[in-house]
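User: Please walk me through this model. I want short answers on surface, pocket and charge pairs.

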Amino acid sequence: MKSLFDISGQVIVVTGATGTLAGEAARYLQRQAAKVVYLSRSQEKVDAAVEIAKCISDDYLGVVCDVLDQIALESAYAQIMDCWGRIDGLVNGAGGNLFGATIGPDQEVFDLNMNDYSKVLDLNLKGSVVPTLTFAKAFKKQKRGSVVNFSSMASPLAISRVLGYSNAKAGIDNFTRWMANELAQKYGDGVRVNAIAPGFFIANQNRALLQNTDGSYTERGQSVIDNTPFGRFGHTEEICGAIHYLLSGASSFVTGTVIPVDGGFSIYSGV
Ligand SMILES: NC(=O)c1ccc[n+]([C@@H]2O[C@H](COP(=O)([O-])OP(=O)(O)OC[C@H]3O[C@@H](n4cnc5c(N)ncnc54)[C@H](O)[C@@H]3O)[C@@H](O)[C@H]2O)c1
């Protein structure tokens with residue numbers, strides 16, 4: 001009998017698969033015998049991701065594509081359908097804060113650069129909406145498929161300095177629920193949409209906020225640790241279990257949820 005968690009042979013598109021968390025997840029899924037699409041914006045980074053993927057199995061595809069470019073996403077969809085004829089999962093991993101959209105320690109909220117605010121909103125909200133609207137067309141045909149979005153602690157909690165990022169991630173939670181309802185009502189209970197909400201993992205997009213160049217923690221980084229019952233940042237591989245669960249049959253009656261993967265950050269009052 002197949003395990004509830006068996007995802008072998010599933011075709012799973014991972015956006016932002018050249019980054020810290022989504023890259024870790026993509027390689028993990030490939031090691032579970034899934035067929036994995038490494039989708040990201042930079043040719044150079046996709047080439048590097050594919051070099052590693054080659055050592056895991058033959059079931060990978062590197063696709064260079066901007067998650068905000070609907071035309072490029074359509075051609076990525078056609079390329080994947082030509083190659084494997086189906087899509088079973090979509091992990092919307094592209095995202096992250098942008099330095100220009102952060103309110104500096106010596107700035108006020110009134111100094112916020114609206115151009116950068118819009119960019120971070122686009123990347124972190126539309127950057128999951130547009131890929132979902134593109135790749136979930138396969139789910140409509142198959143009456144089966146699972147989307148995993150990336151939310152953040154910045155959605156339910158007020159986290160200083162990152163207004164645009166927080167607004168976008170709150171939008172992701174709403175989008176997750178909205179789309180879960182829409183796709184289930186229209187295409188049945190095989191089509192599911194969920195999100196994970198990572199706590200704090202050191203990655204390229206947040207390193208400068210959390211860590212000094214000598215590796216010690218910034219005041220903000222230390223404050224995160226002090227407010228995390230586990231007393232540490234997440235290890236990148238700790239993101240994989242929740243994603244695996246949401247893509248597998250083990251979560252067949254689960255949709256519209258946002259699962260924290262945060263060492264307890266979201267349940268701690270600080271007292
Ligand atoms: N690291 C954390 O602590 C943390 C916490 C909560 C949520 N998240 C979320 O997890 C996700 C992954 O973040 P990460 O920390 O691994 O960041 P990361 O910067 O390491 O990875 C993001 C990846 O997305 C790619 N990307 C950026 N813009 C793109 C675009 N327009 N089109 C295609 N690809 C694009 C980048 O090239 C990069 O490979 C993000 O949504 C982030 O907001 C991270």
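Analyst: A residue is buried under 20% relative accessible area, exposed over 50%, and partly exposed in between. Val109 has 46% relative accessibility, so Val109 counts as partly exposed. Note that this is a predicted model.

User: Where is Val109 found, and which nonpolar patch does Val109 form with other residues?
Analyst: Val109 sits in the loop between β4 (89-92) and α4. On the surface, a nonpolar patch with about 320 Å² of accessible area together is made up of Val109, Phe110 and Leu163.

User: Is Ala154 buried or exposed?
Analyst: Ala154 belongs to the loop between β5 (145-150) and α5. The cut-off for buried is under 20% relative accessible area. Ala154 has 5% relative accessibility, so Ala154 counts as buried.

User: How far apart in space are Ala154 and Ala168?
Analyst: In sequence, Ala154 and Ala168 are 14 residues apart. In space, C-alpha to C-alpha, the distance is 9.2 Å.

User: What is the volume of the largest pocket, and which residues lie nearest its centre?
Analyst: The volume of the largest pocket is about 1,000 Å³. Its lining counts 45 residues. Nearest the centre lie Gly93, Gly95, Gly96, Asn97 and Gln205.

User: How many residues of each class are in the lining of the largest pocket?
Analyst: Elements that each supply at least two lining residues include α1 (20-31), β2 (35-40) and α5 (163-187). Helix α4 (114-142) is also one of them. By class, the lining has 21 nonpolar, 17 polar and seven charged residues.

User: Asp116 forms a salt bridge with which residue?
Analyst: Asp116 is buried because its relative accessibility is 16%. Its partner is partly exposed, at 44%. Both lie in helix α4, three residues apart, about one turn of the helix. The closest N and O atoms are 3.8 Å apart, and the partner is Lys119.

User: Asp122 forms a salt bridge with which residue?
Analyst: Asp122 has 29% relative accessibility, so Asp122 counts as partly exposed. The partner, at 43%, is partly exposed too. The two lie in helix α4, four residues apart, about one turn of the helix. The closest N and O atoms are 3.8 Å apart, and the partner is Lys126.

User: What is the N to O distance in the salt bridge of Lys2 and Asp6?
Analyst: Lys2 is exposed because its relative accessibility is 63%. Asp6 is partly exposed, with a relative accessible area of 27%. Their side chains meet in a salt bridge, N to O, at 3.6 Å.

User: How many salt bridges does the count come to?
Analyst: The rule asks for a side-chain nitrogen of Lys or Arg within 4 Å of a carboxyl oxygen of Asp or Glu. Lys2 and Asp6 meet it at 3.6 Å. By this rule the count is ten.

Definitions and conventions: Residues are numbered from 1 along each chain as its sequence is written. This is a predicted model: local features need pLDDT of at least 70, side-chain atom pairs count only at pLDDT 80 or more; totals for chains, interfaces and linings use all residues. Side-chain values use heavy atoms; hydrogens and water are left out. On a 1 Å grid over the protein atoms alone, a cavity is a set of points where a 1.4 Å probe fits but cannot get out, and a pocket is an open set with protein on both sides within 12 Å along at least five of seven lines; lining residues have an atom within 4 Å of a point. Grid points are joined across faces, edges and corners, and a volume is the space filled by probe spheres set on the points. Ala, Val, Leu, Ile, Met, Phe, Trp, Tyr, Cys and Pro count as nonpolar, Asp, Glu, Lys and Arg as charged, and the others, Gly among them, as polar. Patches are made of residues with over 30% relative accessible area and no salt bridge: like charges are joined within 9 Å, nonpolar side chains (Val, Leu, Ile, Met, Phe, Trp, Tyr) within 5 Å. Accessible areas come from the Shrake-Rupley method with a 1.4 Å probe; for residues, only the protein chains shown count as cover. Buried means under 20% relative accessible area, exposed over 50%, partly exposed in between (1.4 Å probe, protein chains only).
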